[in-house]
Amino acid sequence: MRSYDLDPEQSVSIVAIFLFIDAAFTGFPLLNSIVHGGSPSLLAIALVAALIAGAVGLLKGLRWGWFVAMGAACLLALIDLATLRLFGILVDALVIFLLTRPSLRAKFGIQ
C-alpha cells in the first residue's frame with residue numbers, strides 16, 4: 001500500500017460519516033421550511049435521500065452504494081460551489097478524494 005492510500009475500511013467509515021453529516025446539514029433546513037409552511041424542494045429531498053442511501057450502501061459494502069455516494073457528493077459539490085459554501089466544498093472534496101482512491105474503488109469492484 002502506498003503512503004497516500006488509506007485503509008479501505010477506514011475510508012468507507014470516514015466517507016459514510018461525512019455523507020450522514022451532509023445529509024443532516026441539507027435535511028434540517030428542508031425540515032424547517034416544511035414545518036413553517038414552505039414548499040419543499042424536490043431536488044433537496046432527492047439529494048438527502050441519495051446521501052443517506054449512498055452512506056448505507058457503502059457501509060454494507062454494496063457496489064451501487066459507491067455510485068450513489070459519488071453522484072450525491074458531486075451534485076452537492078456543484079451546489080456548494082454555486083452558493084460559495086467553502087466548508088461544504090472542502091468536505092465534498094474530501095469525500096470525492098476518498099471515493100476515488102484505488103484501494104476503495106477496488107473494494108467495490110470499480111475500475
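Across the whole of this predicted model, a search finds 2 salt bridges, and these make a convenient place to begin the tour.

Select lysine 107 and glutamate 9, and display their side chains, which meet in a salt bridge with an N to O distance of 3.2 Å. This pair links distant parts of the chain, since lysine 107 belongs to helix H5 (residues 102–107) while glutamate 9 belongs to helix H1 (residues 8–35), with the two positions 98 residues apart in numbering. If a surface is switched on here, lysine 107 is partly exposed at a relative accessible area of 34%, and glutamate 9 is likewise partly exposed, with a value of 47%.

Keep lysine 107 selected and add phenylalanine 108, because lysine 107 also lies over the face of that ring, at 5.4 Å from the ring centre, which is inside the 6 Å limit used for a charge over a ring. Lysine 107 can thus be viewed in two settings, with the carboxylate side chain of glutamate 9 and over the face of phenylalanine 108.

Next, move to aspartate 80 and arginine 85, whose side chains meet in a salt bridge at 3.4 Å, N to O. The two partners differ in their cover: aspartate 80 has a relative accessible area of 4% and is therefore buried, being under the 20% cut-off, whereas arginine 85 is partly exposed at 41%.

For the aromatic side chains, select tryptophan 66 and phenylalanine 67, which form the 1 aromatic pair that the count gives. Their ring centres are 5.2 Å apart and their planes stand at 90°, so the pair is edge-to-face. Here too the accessibility of the partners is worth colouring by residue, as tryptophan 66 counts as buried at 8% relative accessibility, while phenylalanine 67, at 45%, counts as partly exposed.

Finally, show the surface and select Phe20, Ile52, Val56 and Leu59, which together make a nonpolar surface patch of about 310 Å². Helix H2 (residues 42–60) contributes the largest share of this patch, with 3 residues. Which helix holds isoleucine 52? Isoleucine 52 lies in helix H2, and its relative accessibility of 37% places it in the partly exposed class, because that value falls between the 20% and 50% cut-offs.

Key
Residues numbered from 1 in each chain as written. Predicted model: local features only at pLDDT ≥ 70, side-chain atom pairs only at ≥ 80, totals over all residues. Heavy atoms only, no water. Salt bridge = Lys/Arg side-chain N within 4 Å of Asp/Glu carboxyl O. Helix = DSSP H or I, 4+ residues; strand = E, 2+ residues; numbered from the N terminus. Buried < 20%, exposed > 50% of the residue type's maximum accessible area, 1.4 Å probe, protein only. Patch = residues over 30% accessible without salt bridge, like charges linked within 9 Å, V, L, I, M, F, W, Y side chains within 5 Å. Areas by Shrake-Rupley, 256 points an atom, 1.4 Å probe, with all protein chains shown as cover. Phe/Tyr/Trp six-rings, centres within 6.5 Å; stacked < 30°, edge-to-face > 60°. Lys NZ or Arg CZ within 6 Å of the ring centre and 35° of its normal.
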